[in-house]
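Hi,

Here is the model I promised to pass on. Have a look at it first, and my notes follow underneath.

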There are 2 protein chains.
Amino acid sequence: MNKPTPQSDFSTPKVTTGPLPASRKVYTHPKADPSLSVPRRMIDLHPSANEEPVPVYDTSGPYSDPSVTIDVEKGLARHRTEWVLERGGVEEYEGRDVRPEDNGGVSGKHLAREFPTKHRPLKATNFDPTGSVALNPKRTDADREANRKPVTQYEFATAGIITKEMIYVAERENLGRQEMLENAEAQIAQGESFGAEIPPFITPEFVRDEIAKGRAIIPANINHPELEPQIIGRNFLVKINANIGNSAVTSSVEEEVDKMVWATRWGADNVMDLSTGRNIHNTREWIIRNSPVPIGTVPIYQALEKVNGVAEDLTWEIYRDTLIEQAEQGVDYFTIHAGVRLAYIHLTAKRVTGIVSRGGSIMAKWMLAHHTESFLYTHFEDICDIMRAYDVSFSLGDGLRPGSIADANDAAQFAELETLGELTKIAHAKGCQVMIEGPGHVPMHKIKINMDKQLRECGGAPFYTLGPLTTDIAPGYDHITSGIGAAMIGWYGTAMLCYVTPKEHLGLPDRDDVKVGVITYKLAAHAADLAKGHPAAQIRDDALSRARFEFRWEDQFNLSLDPETARDYHDQTLPKEAHKVA
Amino acid sequence: MNKPTPQSDFSTPKVTTGPLPASRKVYTHPKADPSLSVPRRMIDLHPSANEEPVPVYDTSGPYSDPSVTIDVEKGLARHRTEWVLERGGVEEYEGRDVRPEDNGGVSGKHLAREFPTKHRPLKATNFDPTGSVALNPKRTDADREANRKPVTQYEFATAGIITKEMIYVAERENLGRQEMLENAEAQIAQGESFGAEIPPFITPEFVRDEIAKGRAIIPANINHPELEPQIIGRNFLVKINANIGNSAVTSSVEEEVDKMVWATRWGADNVMDLSTGRNIHNTREWIIRNSPVPIGTVPIYQALEKVNGVAEDLTWEIYRDTLIEQAEQGVDYFTIHAGVRLAYIHLTAKRVTGIVSRGGSIMAKWMLAHHTESFLYTHFEDICDIMRAYDVSFSLGDGLRPGSIADANDAAQFAELETLGELTKIAHAKGCQVMIEGPGHVPMHKIKINMDKQLRECGGAPFYTLGPLTTDIAPGYDHITSGIGAAMIGWYGTAMLCYVTPKEHLGLPDRDDVKVGVITYKLAAHAADLAKGHPAAQIRDDALSRARFEFRWEDQFNLSLDPETARDYHDQTLPKEAHKVA
């Protein structure tokens, strides 16, 4: 499995294209802006059903559209550049040069090929990427504010402006809701949303208002124009995230691009590139240029590579430079563990599993070595300035999340969560979009406490949780131990669920693991949508149940989250075609 | 896959034996009766851990004990016969002759070989298996009562008598609790059991009291002396059931015996034999004679085979004869759909998925054909007399359970549940042990309503649910959609969870599916135990988490529910032995 990526051998990543069975991609055009084309997948049923096609949310981008020619060497169409430019407040500039350390210092045949086209990045016009306030003390707050125009979705929202992204996501979320409108109120009423405020119909104004309140985000870096915008918030469909990424020992650029496309094919709304090995910069560029979904990263991972893995050698300047590097590439959200404060480290001393977050333990090591507060915390406002300038959303990391049932909901975890609440306020004041990361490992009876505290501390900012795993005793099945917790916390109000694959705790996920993880989390998110009373969620369940009751096997396969597996399992027992007809 | 079972080809079933990795079977001897040997699995840790072995509940019977010689042709040791005989009230008798229709009328090479040894059955001395009250009108209630001595665990419990089975299960449940006793109260206090009354330590008297209150059962037919007794109730560890069984088109006796042993190896506390094809009688005999766990059946399935699959042709007499046949073999619990009443059928008319329970739809068909009340309902007291005579426990079936999200918690389902409450009272008055079956397909926000209603209607009788599935859109992954619901309803108070395999709705589970189903439900049951605050549940989580934190890979594998899969997943990425040492 030890696969370096020799430049000479590097081939064009192969990705899976084409529609899912019985599915057509259609584009709808919102009334508020008919120039926009919003994707939707329609599943056609057998004529004997005499039923309308079933609309489902489509995260797969142009890859599943047979009318689009896919060329991974060119990347996806950059349709959103125009949206960003026409509203102003941004400018193109030269951008940072790629340096050898960005790719872990590899060269020659070990260096992954650069993405063929280089795009000049955009930034907020008032932002100086060459230096922060700290590095450039001559620049005053007055200078900065003089040129300040809205750049982020949060700034537009608070200014009362509805962006194209907001119109797009409103149309996208409504999926089937128009058809369900008659009983939308009834659906919402029969659900239990624990105080969420799900409307019968999503309007662009509702989207704007939720973003302005800090209760939802549209992760959409101005340098990721290939993106199909999507909204994350408690009053919208529950979203899922799939982690991919190479490591020091395994996998290649080709594999990671393929995994990204593969994950979105099965329903990943977001993808995090957690690469930690060599070629981090070039791998990320290939991924972003080809990604129809937001890409998140944990910048401290790359910063650590730049100091050869020695946490103590990290500096604010190296970290800052990494943020600029990734923001220019188009990363849509950064996990930043700014809530791990020096004062909290001792709270983990008696834990069964100490600090398990990689980012959290890197920063703890740095703080203990320097006996000083984390630079992520002390430079938090500078970080906000950078993120605002590109509209990179915050994913405030839970560096002290519990790594075991024993450590759930302890003093360390909750101290950090309270700090994340403070930082949320600062980031909003600075114009940034914010979501909050959550645990981890939590037994069922302690899950709702997490959700309630997060809503309270963070003023309703979207919660983004990893599982949580509801027991520690099933390695190899942690997609399931965590899928239980994910469905529950999604029901309670979590806006996005980070998937866990069967390889969690054991190894790196391969393509099959990615698929199992995505499908598991898709079903957990959907179970949450049903329980919350989402007006359109049950359309698909009902269509599939009718197909099942009427023995329309093909329809049952086609309506399922994973038609291939459903068909395969059926055929293992009853392979005859005759068993499949209505 | 179409495999008949030619008599000539029939070979001795091959079953999996031997201990799990790093595991030893030990037997403890309860203070209340040191002659009893109660199994427990001890998992030894690496010397570097400097930790005590971890005790885990062991359902695998003698198969995992290297000191026992397994001979499937002879069956397991019949250790419990003596317990039953010494307390009196029962007598050996000739028993019913096996008839061709018991095996679906097959003969010659299609007939599965009979189990080599025939044992004369036991019955309550006051019971006449040749005729019920209806068939034998001369017998009066007075006759019956004159000879009545306690036979069932419920009768002993209400008479204030502690049986060996009660002592056995108390010892078995306490697993590790003695060692945890110091903080047992604290563990219970930090849990949320929704009003269950979990004691810090399980005494035989507590077991007796719970059974007498109808809140727990020990399924243990007096003709299944091979059994290692186990208790099912809300104040005990959550149990799981695995379904096996052949069908008209697939699988053989050998496969089913192997599946039973395989399921218990991975943690099935109970096994239901849902065979519907030919050779039902002989298959069941092989299974029971080799089963260390209670075996349940749905007798209407075999009764239907006896009338060539024509539901309308069923009669009380055929059904009654089937109950006697199976009770004499030693089936420990019967699913009986006596709550499906004629008046409820119209309540299913507007459902999306009508009646999906096989037993429920058989009886609905019968009632509609005859325009008369179900014989299961009208003969319920006669059924009680039979079940009491062998101590077969009731598993009152939910024939009107919802088959889709759309049908959850509807009038049909709840009307039946109310009737099951009435029948519970009758069965208790007749001296029988009772548990109640539950759904099915239920979205998360409607699960607790089921649990609360069941507790209310059925006076705390153990609830035994199938999942429930929390969405309908993931065929191929229904072990997960249902594992979510199972963990939640287990937490809320369900005593036993019937597993769902990945093949649910699609085909019959093979050996691999059985294992995945068992492990999924084991982890769901354990998640429920943790959340309820079971005093000893977290011992294993903590031990595994410590191993994980200290990179003791071997310990992590060995402590997991499925060491083989955990090891395999690890080795796919990091195969070197060096990566596994502490």
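**How the two chains are related**

Chain B lands on chain A after a rotation of 180 degrees with 0.0 Å of shift along the axis, at an RMSD of 0.0 Å (a least-squares fit on the C-alpha atoms of residues with pLDDT of at least 70 in both copies). That is what a two-fold axis gives. Both copies use the same surface, as 100% of the contact residues of chain B recur in chain A; contact here means heavy atoms within 4.5 Å. The residue of chain B that comes closest to the rotation axis is I484(B), with its C-alpha at 2.3 Å.

Some housekeeping before the rest: this is a predicted model, so local features need pLDDT of at least 70 and side-chain atom pairs count only at pLDDT 80 or more, while totals for chains, interfaces and linings use all residues. Residues are numbered from 1 along each chain as its sequence is written, chains are lettered from A and ligands numbered from 1 in the order in which they are written, and side-chain values use heavy atoms, with hydrogens and water left out.

**The interface**

73 residues of chain B are in contact with 73 residues of chain A. Together the two chains bury about 6000 Å², 70% of it on carbon and sulfur atoms (accessible area lost on being put together, 1.4 Å probe, summed over both parts). H445(B), I473(B) and Y477(B) supply 13% of the area that chain B buries against chain A, more than any other three residues.

What does the polar side look like? There are zero salt bridges between chain B and chain A, with a salt bridge being a side-chain nitrogen of Lys or Arg within 4 Å of a carboxyl oxygen of Asp or Glu.

**The nonpolar cores**

The largest nonpolar core has 252 residues, and F394(A) and F394(B) touch the most other members. The rule takes buried Ala, Val, Leu, Ile, Met, Phe, Trp, Tyr and Cys residues joined through side-chain atoms within 4.5 Å; buried is under 20% relative accessible area, exposed over 50%, and partly exposed in between (1.4 Å probe, protein chains only). Not counting residues up to four places away in sequence, the contacts of F394(A) include F334(A), I336(A), F380(A) and M435(A). A second, separate core of 16 residues has A157(A), M166(A), A212(A) and L227(A) among its members.

**Salt bridges inside the chains**

Over all chains the count comes to 98 salt bridges. D321(A) and K306(A) form one of them, at 3.6 Å from N to O. D321(A) sits in helix α10 (residues 316-329) and K306(A) in helix α9 (residues 299-306) of chain A, 15 residues apart (helices are DSSP runs of H or I, at least four residues, and strands runs of E, at least two, numbered from the N terminus). D321(A) is buried at 16% relative accessible area, and K306(A) is buried at 13%. Both belong to a network of salt bridges that also links R96(A), R99(A), D102(A), R284(A) and E325(A).

In chain B, E226(B) and R78(B) pair at 2.7 Å, N to O. E226(B) is in the loop between β6 (216-217) and β7 (232-233) and R78(B) in the loop between β3 (54-56) and α1 (81-86), so the bridge ties together parts 148 residues apart in sequence. E226(B) is buried at 3%, whereas R78(B) is partly exposed at 29%.

Cheers
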